Amino acid sequence: MTDVGIDTVYDRLQRLAAKADLPGVEIGTNYGMPALKVGGKAFATVRDADTIVLSIAIVDKELLIEMAPEIYYQTDHYRRWPSLPLRAAAIGDDELTQRLVDAWRFRAPRKLQTALFASR
């Protein structure tokens, strides 16, 4: 990673994931882009300095887009995939943390999900 904007967004994701105390978070890449993973699967990817892509159930995508179109949006690339792009600068830390937790839950193996619930 050499783009300062991407690094800043990725640092923010790492900080918020650590603050949420999500077990088993791995720092890595997804298709060459910086990503947070759990169980070897990406749940949050920094596409560019403006865009974060989160893992999400396909049925939940429309709800978020309808709820906050200034943050969440759809592209043809992600239309049939359990991924949702969002505008990094438009989302506050509290909401982004909640979406990271949701994305982590969507991707995490059952054993790690059980560990999270047991610790809270």
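Here is a quick walk through a predicted model, from its overall build down to two hairpins and one helix.

**Overall build**

Count the elements and you get four helices and five strands. Starting at the N terminus, their order is α-β-β-β-β-α-β-α-α. As for size, the C-alpha atoms sit in a box of roughly 35 × 35 × 25 Å along the principal axes. The radius of gyration is 13 Å, which agrees with the value near 14 Å that a compact globule of 120 residues would have.

Of those 120 residues, 43% are buried. The exposed surface of the protein comes to about 6,800 Å², and carbon and sulfur atoms account for 53% of that area. Take the contacts between residues at least 6 apart in sequence: 50% of them link residues at least 24 apart.

**Two hairpins sharing β3**

Strand β3 is a good place to look next. On one side of the pairing story is β2, which runs antiparallel to β3 with four bridges between them. On the other is β4, also antiparallel to β3 and also joined to it by four bridges.

| Strand pair | Residues | Sense | Bridges |
|---|---|---|---|
| β2 and β3 | 33-38 and 41-48 | antiparallel | four |
| β3 and β4 | 41-48 and 51-55 | antiparallel | four |

For individual partners, A35 is bridged to T45 of β3, while D48 has T51 of β4 as its bridge partner. The hairpin of β2 and β3 has two residues between its strands, and G39 there takes a positive phi near 60°. The hairpin of β3 and β4 likewise leaves two residues between its strands.

**Helix α2 and its two sides**

Helix α2 covers residues 58-67, and K61, L64 and I65 are its buried residues to note. These residues span an arc of only 100° around the axis, so they lie on the same side of α2. What do the buried residues of α2 pack against? Their neighbours are strand β5 (83-87) and helix α3 (93-107).

Turn to the other side of α2 and you find V59, E62, L63 and E66, which are exposed. That makes for a neat contrast within the helix: L64 is buried, whereas L63 is exposed. A lysine, K61, is among the buried residues, while V59 and L63 are among the exposed ones.

Key. Residues numbered from 1 in each chain as written. Predicted model: local features only at pLDDT ≥ 70, side-chain atom pairs only at ≥ 80, totals over all residues. Heavy atoms only, no water. Pairing = 2+ DSSP bridges. Buried < 20%, exposed > 50% of the residue type's maximum accessible area, 1.4 Å probe, protein only. Arc of directions from axis to C-beta. Contact = heavy atoms within 4.5 Å. Rg over C-alpha atoms; globule rule 2.2 N^0.38 Å. Areas by Shrake-Rupley, 256 points an atom, 1.4 Å probe, with all protein chains shown as cover.
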